[in-house]
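Please look at the model below with its sequence beside it, and follow the paragraphs that come after as a guided reading, bearing in mind that the model is predicted.

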Amino acid sequence: MASAVSSVGLGKKYPGARPGKFALDDLSLEIPTGRVYGLIGRNGAGKTTFIRIAATQLAATQGTVYVLGHDVRNEERAIRARIACVPQESRPLYFLNVEEVVYLYLKLRGLDPREARRRTQDALDELSLTPYRRSLVSRLSGGLRRRTLCAMVLASDADVLFLDEPTTGLDPIARREVWEAIRRASRENRTILLTTHYLDEAEALSSRLALIESGRLMLEGTPADLRARVRYPYRVTVQGSFPREELASYGKVSEIEGGMLLFTREPEAHEVARRALERGLRISMGPVSLEDIFLDVVGKSIEEDSNGPEKDDASLEVES
Amino acid sequence: MSERNRLRSIFTLVQLNGIIPIRTTPLYVVNLLASPLSFLFFIYIVSHGTYVAYGITGGMVLTMLTVGTSLQADLTHYRHDLKLQDIVVASPVEAPIYVAGMALSELVYSLPALAVFVVLFVAWGFATVTSLVVVAGVMVLVWAFACALAFTLATYFKDVRETFIFSPLLSLLFTVLPPVYYPISALPGWAQVAARVSPTTYAAGLVQGAVGLQPLSLSAAALDWAVLGAFTVVLFLVAAVKARWREP
């Protein structure tokens, strides 16, 4: 499948950054056409920098990005005609109402007013914003403002959509409405590059994922690929007293409230489950979640901020 | 983007940043009237009406300059707080379209103030074909260089609070210190030379000359036009080089 977006040895060093501090370091990615591609990583990992370079908002220091076959370095006009972006922490103009935000954005892009009106109505319906269409942005909650921005770009005629944490601040129902709209856009053969802090969201939406840390690519592939590449693809939770040393012989153990958490391989998971049940303990087991993989690879939770360019030893957990 | 679409984009920016905010908050218009009318009132009281003509011509220049100071604040706010510029960059809208649309949108705020001053201009008997042509030309150039300056400055501001510092400073440097509200002859010799650094000195000189407040020979007028035009071109060139569409 052809790539909608591909980066080649992409590097970014911000002006004034300390020596050796790269926001992106030799990052090469292939983002297939017509799919949702998730970019995950902690704050400061380089997700937004990647999106801003690909969306022609920021210049790269090394390498380049091709969007729909055009080089961001010198073919930005051809790229801009076919992309749309919801930047991180962006907000709609507070004196507009919801309908105006979407409609005027489409008109600004050059759409015919009648077509802009039709697309606006569809997008507002799709994201359950119609009841708020005449509400001023200044009177909306943060979640509704974010949803309005999502409606704005989803209503556009762009082939590639860059969504930088589009669902931050949304309640679970609103998040799912945005998810559905993103899936629909993907079914229309549009490519969506999504960054998110919600790993369940990344997993639910993305056909492929890239995990980046300190500007470097740590893992890339389908969610199944990612599971297959971690050393311990199964997690077992044992409630009650089970000798830690015995458990540690099966894999990686950590203590949790009321018991132990073990990361291990599938046969060992079954073995541990059998032994735990023999002791009358309660267990739960299953494939690792994306959150587990992230913790395993990066060594820190996605909620923690990235401290800088230092590479984590935790990457040793990934099988080459 | 076709020419038709470019025009549509410019008009949309005017609607988005000019017409709709005024509809929502009409006090914006009063805000732009406040400074030039305050100056006019002050001059009227202090000079017992003698210098009120300077208050009218100066008020027109100040109104157009205020378009620039408002624009730099809006551009900075939209870029840093709302990320509007990033949204527009990642779209078919080209930088000159954004520049033209935003500059024109700010002009909308100044139209009521300009209307008031035009009425006063006519009421004071200044309106002739020549004076109206000169005033219109000068207003366009002041608007253009004020907007070019706004785009350049907004590139360097990291927060809208920084514009709060620069807006009064620009007003001071371009309308209070230079002879916009008084004749240049009122300044001591060294200050007259210093005033030549400000483009508003030439703008005010042309308007004051056109309405007969100051003697202005044809050659002096030609020189004023040339210098004012050159200032505008240079400020546009600086804006074109320094203002960033894609961040480095």
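Where the two chains meet in this predicted model, 25 residues of chain A are in contact with 24 residues of chain B. On the side of chain A that touches chain B, strand E6 (83-86) and helix H3 (98-108) each supply at least two residues, and of the elements involved it is H3(A) that gives the most, with 4 residues. Sorted by the character of their side chains, the residues on this side of chain A divide into 15 nonpolar, 4 polar and 6 charged.

Turning from the interface to helix H1 of chain A, which spans residues 47-54, one finds that 8 of its 8 residues are buried, so the helix is largely enclosed by the rest of the structure. The buried residues include the charged A:Lys47 and A:Arg52, and they are joined in H1(A) by A:Thr48, A:Thr49, A:Phe50, A:Ile51, A:Ile53 and A:Ala54, which are buried as well. Just after H1(A), the backbone at A:Thr56 takes a positive phi of about 65°.

A further part of chain A to examine is the pair formed by strand E12 (residues 252-256) and strand E13 (residues 259-264), which run antiparallel and are joined by 5 bridges. Within this pairing, A:Val253 of chain A stands opposite A:Leu262, which lies in E13(A). The two strands, E12(A) and E13(A), form a hairpin with 2 residues between them, and in the turn A:Gly258 has a positive phi of about 80°.

Notes: Residues are numbered from 1 along each chain as its sequence is written. Chains are lettered from A and ligands numbered from 1 in the order in which they are written. This is a predicted model: local features need pLDDT of at least 70, side-chain atom pairs count only at pLDDT 80 or more; totals for chains, interfaces and linings use all residues. Two residues are in contact if their C-beta atoms, placed from the backbone, lie within 7 Å. A residue is buried if 20 or more other C-beta atoms lie within 10 Å of its own, exposed if 12 or fewer, and partly exposed in between; C-beta atoms are placed from the backbone. Two strands pair if DSSP finds at least two bridges between them.
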